[in-house]
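Colleague: Could you take me through this model? I would like to begin with the pairing of strands.

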Amino acid sequence: MHAADTAIAHLQAHKSAWATLPIPARLDLLHRCIAGTVAVAEDWAIAACHAKGIDPNAPLAGEEWLLGPVGLLLNLRLLIQALAAGGQPRPVSVRLRADGQQVAQVFPDNPHDRLMWLGFRGEVWIKPGQPASQGRIYRPGGNSTAGVALVLGAGNVSAIAPMDALSKLFAENQVVLLKLNPVNDYVKPFLETALRPLIEGGFLAMITGDAAVGAFLCQHEGIDTIHVTGSHHTHDAILWGNTPAEQAERKAANRPVIAKPITSELGCVTPILVVPGRWSAADLQYQAQHVASMVAHNASFNCVAGKVLVLSKHWPQRNDFLDALKSALAATPARKAYYPGAQDRYQTFLDRYPQAIALAPRTPDIVPWTLIPDVPPAPGEYALTTEAFCGVLSEVSLDAGDTAAFLQQAVDFANETLWGTLSCVLLIDPVTRRQNATAVERAIAQLRYGNIGINAWTGMNFLLSALTWGAFPGNPLSAIGSGRGIVHNAYLFDYPQKSVVYAPFHIRPKPIWFANHRTLQQVARRYVAFLERPGWGRLAKVAIAALGG
C-alpha cells in the first residue's frame with residue numbers, strides 16, 4: 001500500500017494550502033482543466049465505447065461523450081461562473097412558496113442555454129426554514145477547515161468520479177484522493193490529463209484497486225472524510241462491517257466501524273408517474289419512446305434508470321400506452337450487459353415474476369429490455385424495493401379515479417412503498433397540468449426525492465451541474481437508502497433540499513437521452529467544442545446537429 005500512503009501524505013501536506021487558496025488561483029486551475037478535458041475528450045469517449053461494446057463511430061457513441069467529457073466540462077464551466085461571482089452566483093430568481101420555503105431558479109441562466117434548452121427550467125428547493133444562502137467557504141469567516149477526502153468513484157458513468165472530486169474541492173474545501181472503480185478505471189490516464197493542474201498542485205491524487213484497497217483507504221488515518229457513489233451494500237460494508245450479522249449488531253448498538261464523516265449517492269428504484277390524460281397517438285408514441293429511453297440509456301446501468309412505471313387502472317389509454325411502450329423497447333437495440341452481476345440480478349427478477357415480458361432474446365452478453373406488468377403495489381414487494389441495475393422495468397397500476405386522486409396516491413406510493421429517494425419522474429400533458437395546477441404543485445412539494453423531473457428524465461438533473469445531486473435529506477446512516485449529502489450544486493447553496501427540472505411535454509429537438517437519436521455523436525462533439533469556447537457560432541453548430549436527431 002506504499003503508493004496509497006505516499007499519495008495521502010502528499011495530500012495532507014497540501015490541504016492547508018488548498019483551504020486558503022484565493023479565488024483567482026482557483027479560477028486559473030479550472031480554466032486549465034477545461035483545456036485538459038478537451039484535449040482528451042475523443043480518446044476518453046472512444047475508450048468508454050470499447051469498454052461498453054459500442055461502435056465508436058455510431059450515433060450511440062455520443063452517449064459516452066455526454067457521460068464523460070461533456071458532464072465534466074459543464075461542471076467546470078459552472079464552477080468558473082460561481083467563483084467569478086465570489087462563490088455566490090446570483091440565481092435567475094428566488095420565489096417564496098406559500099409555506100415560506102424558498103425556491104431558486106438556476107437554469108437556464110444565460111442566453112445560450114435559454115436557446116439551447118428551450119422550455120426547460122431548473123430549480124433548487126431550499127430546506128424549509130433555511131435561507132437561500134450560498135458559498136459558505138467563500139464568505140468572510142466561512143468554514144475553511146482543511147481536510148483530505150476519499151472519493152470512491154462509480155463504475156458506470158465516467159464523469160461521476162471527477163465531478164464528485166470537484167464538489168469536495170470547490171464546495172467543501174477538501175483535497176481529494178480519488179479511487180477509481182475497477183469497472184471503469186481505464187479512464188485514469190484521461191482524467192490525469194484533464195485534471196493535471198489540480199494534481200500538479202498537490203490537491204488531487206488518483207489511485208486504482210479492488211475492494212480491499214478501498215477498505216484500506218477508508219480506514220487510513222490520513223483520510224478525514226469519505227464520499228461513495230455506488231451501492232448501499234458497499235456503504236454498509238464500509239460503515240457497519242462485512243457480514244449481515246455484524247452490520248445488524250453494530251447498527252443496534254450505533255457502533256460504526258469508522259467514525260469519519262461519510263456522504264453517499266447509492267441508487268434508487270426510480271418511479272415514472274404517468275398522470276392520466278387525453279393523449280393523442282403522437283403523444284403515446286413519444287412518451288413510450290421517452291420511457292423506453294429512461295430504461296435503455298447506458299444499458300440501464302444508471303442509478304436514475306426508469307425502474308417502476310406507475311399508471312392508473314382507470315386510464316382509458318393504459319393498454320394503448322403499454323402496447324406502445326413494448327413496441328418502443330422492442331425497437332431499441334440491445335446493449336452489452338457490461339456491468340458485473342447483471343445476469344444474476346436479472347435472473348432474480350425472472351424467478352419472482354413469471355409474467356415478465358422479454359422484448360428481445362437473452363444471450364450471455366445481453367440482458368434484454370424486459371417489462372414486468374401488474375406488479376402489486378404492496379409494501380416489501382421485491383421489484384419495488386430492489387434496484388435491478390439492468391434492463392428491467394416493472395409496471396404498477398393504482399386504483400385511483402380522477403387526476404387529483406391519482407396524483408396524491410402516486411405520491412404516497414412513491415414516498416412510502418418504493419425504495420430510495422434519489423430520483424422520480426412525472427409525465428403530464430399540458431391540458432391536464434393546467435386543469436390540476438394546484439394538485440401538481442402539491443405533488444412536487446410532497447415528493448421526498450432529491451431529484452424530480454417533470455416531463456424530463458432525471459438524468460438531466462445529473463448532467464446540469466447547476467442543480468444539486470443526491471438523495472432527499474434525512475436518511476440515517478443505519479438506514480441509508482439512496483444516501484446522504486449532495487454533490488454538483490454549482491450555485492453553492494448552503495441548505496439545498498431537492499432539485500426539480502421542468503420540460504415541455506414534447507421536447508424538440510429530440511432530447512439527447514433518447515435511445516433513437518440519429519445525430520447524438522455529432523451533437524455531443526459539437527457541444528464539447530462549444531463548452532471549450534462558448535459563442536453563438538459554435539452554438540449554431542450544436543443546434544444544426546440537434547435538428548437532425
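Modeller: In this predicted model, Leu-177 has Ala-205 of β6 as its bridge partner. The strands concerned are β5, residues 175-179, and β6, which run parallel and are joined by four bridges.

Colleague: Which sheet do these strands form, and in what order?

Modeller: They belong to an open sheet of six strands, in the order β6-β5-β4-β7-β8-β17, and the pairing is mixed. At the edges stand β6 (204-207) and β17 (483-484). Each of these has a single partner strand, so one side of each is left without a neighbour in the sheet.

Colleague: Which strands does helix α5 lie across?

Modeller: Helix α5, residues 160-172, lies across β4, β5, β6, β7 (225-229) and β8 (262-265). Its direction is at about 160° to β5. Helix α1, residues 2-19, lies across β4 (148-152), β5 and β6, and runs at about 155° to β5.

Colleague: What is in the loop between α5 and β5?

Modeller: Asn-173 is placed in that loop. Asn-173 is not a glycine, yet its phi is positive, at about 65°.

Colleague: Is Asn-173 buried or exposed?

Modeller: Asn-173 is buried: its relative accessible area is 1%, and the cut-off for buried is under 20%.

Colleague: Let us change to the sheet of eleven strands. What is its order?

Modeller: The order is β1-β2-β3-β19-β15-β14-β9-β10-β13-β12-β11; this sheet is open and has mixed pairing. Its edge strands, β1 (93-96) and β11 (357-358), each pair on one side only.

Colleague: How do β9 and β10 pair?

Modeller: Strand β9 (residues 270-274) and strand β10 (residues 306-312) are parallel, with four bridges. One example is Leu-273, whose bridge partner in β10 is Val-310. Helix α12, residues 318-331, packs on this sheet and touches β9, β10, β11, β12 (370-372) and β13 (392-398). The direction of α12 makes about 155° with that of β10.

Colleague: Which helix touches β19?

Modeller: Helix α17 (residues 437-446) packs on the sheet and touches β19 (496-502), along with β1, β3 (121-126) and β15 (451-454). The direction of α17 makes about 140° with that of β19.

Colleague: How many residues of β19 are buried?

Modeller: Seven of its seven residues are buried, and β19 is thus described as mostly covered.

Colleague: How does β19 pair with β3, and how with β15?

Modeller: With β3, strand β19 runs antiparallel, over six bridges; Val-124 has Ser-499 of β19 as its bridge partner. With β15, strand β19 runs parallel, over four bridges. There, the bridge partner of Ile-454 is Tyr-502 in β19.

Colleague: And Leu-96 in β1, is that residue buried or exposed?

Modeller: Leu-96 is exposed, with a relative accessible area of 61%, where the cut-off for exposed is over 50%. Apart from its neighbours within four places in sequence, Leu-96 is in contact with Gln-101 and Gln-102.

Colleague: Where are the cis peptide bonds before Pro-108 and Pro-509?

Modeller: Phe-107 and Pro-108 are joined by a cis bond with omega of about -10°, and Pro-108 lies in the loop between β2 (102-107) and α4 (111-116). The bond from Arg-508 to Pro-509 is also cis, with omega near -5°. Pro-509 is found in the loop between β19 and α19 (520-532).

Colleague: Now the interior. How many cavities of 30 Å³ or more are found?

Modeller: The search of the whole structure finds five. The largest cavity holds about 210 Å³ of space. It has 17 lining residues, and those closest to its centre are Leu-67, His-297, Trp-457, Gly-459 and Phe-462. The elements giving two or more residues to this lining are α3 (62-84) and α18 (459-463); α18 gives the most, with four.

Colleague: What classes of residue make up the lining of the largest cavity?

Modeller: There are 13 nonpolar and four polar residues, and no charged residues.

Colleague: What about the second largest cavity?

Modeller: That cavity holds about 40 Å³ of space. Its lining divides into five nonpolar, one polar and two charged residues. Among the residues that line it are Ala-299, Arg-335 and Lys-336.

Colleague: Where is Ala-299 placed?

Modeller: Ala-299 is in the loop between α11 (281-296) and β10. This residue is buried, with a relative accessible area of 5%. Although Ala-299 is not a glycine, its phi is positive, at about 60°.

How values were computed. Residues numbered from 1 in each chain as written. Predicted model: local features only at pLDDT ≥ 70, side-chain atom pairs only at ≥ 80, totals over all residues. Heavy atoms only, no water. 1 Å grid on protein atoms, 1.4 Å probe; cavity = no way out; pocket = protein on both sides within 12 Å on 5 of 7 lines; lining within 4 Å. Points joined across faces, edges and corners; volume = space filled by probe spheres on them. Nonpolar A, V, L, I, M, F, W, Y, C, P; charged D, E, K, R; others polar. Pairing = 2+ DSSP bridges. Contact = heavy atoms within 4.5 Å. Axes fitted to C-alpha atoms, helices over the stretch in contact; angles between N-to-C directions. Buried < 20%, exposed > 50% of the residue type's maximum accessible area, 1.4 Å probe, protein only.
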